[in-house]
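Visitor: Could you take me through the salt bridges here, one close look at that part and nothing skipped?

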Amino acid sequence: MNDVTPGLPDQGGAPAPEPAADPAANPVADESGRPGEPGGEAGPAPYEPAAPAPLGVVREPTGDAAVDAVLDRLADADHLTADGHLDVYEDVHEGLRTVLGALDAPDRTAHHPPHPVPHDHRS
């Protein structure tokens, strides 16, 4: 009998075969240094956002022509990417502040009765 166990090199036996490499356990890095598919192929294509599209939100008329004109500006956001919406929203907000602020201003065109002039009554 031989006391040498095959597969152990330090005891004079034949070296054991190396286990088969699991491709999922050791992915090959692509040129970016990130793991990719085995064989050097890159991963999925980078994310491409969809083109701007109208949301289809119906804007109901308010009955005030000035407010409706400002709110019609919201339709411009339908054709912009999300990062362009802020400018439209700020513009609409400022327009509404102006229109609604005008409601608090006194109407200079309306006819107001004259203020009575104080009379100097001397006794």
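Guide: Sure, let's start with D76, which pairs with R73 in a salt bridge whose closest N and O atoms sit 2.7 Å apart. The term salt bridge here means a side-chain nitrogen of Lys or Arg within 4 Å of a carboxyl oxygen of Asp or Glu. Keep in mind that this is a predicted model, where local features need pLDDT of at least 70, side-chain atom pairs count only at pLDDT 80 or more, and totals for chains, interfaces and linings use all residues. Residues are numbered from 1 along each chain as its sequence is written, and side-chain values use heavy atoms, with hydrogens and water left out.

Now for the second pair: D91 also forms a salt bridge with R73, and there the closest N and O atoms are 2.5 Å apart. That pair links distant parts of the chain, as D91 belongs to helix α2 (residues 85-104) while R73 is in the loop between α1 (65-71) and α2, 18 residues apart. Helices are DSSP runs (H or I, at least four residues), numbered from the N terminus.

Put together, R73, D76 and D91 make up a network of salt bridges, and the count by this rule is two. As for exposure, D76 is partly exposed at 38% relative accessible area, where partly exposed lies between buried (under 20%) and exposed (over 50%), using a 1.4 Å probe and protein chains only. R73 is partly exposed too, with 28%, and D91 is partly exposed with 38%.

Terms used: Helices (H or I, at least four residues) and strands (E, at least two) are DSSP runs, numbered from the N terminus.
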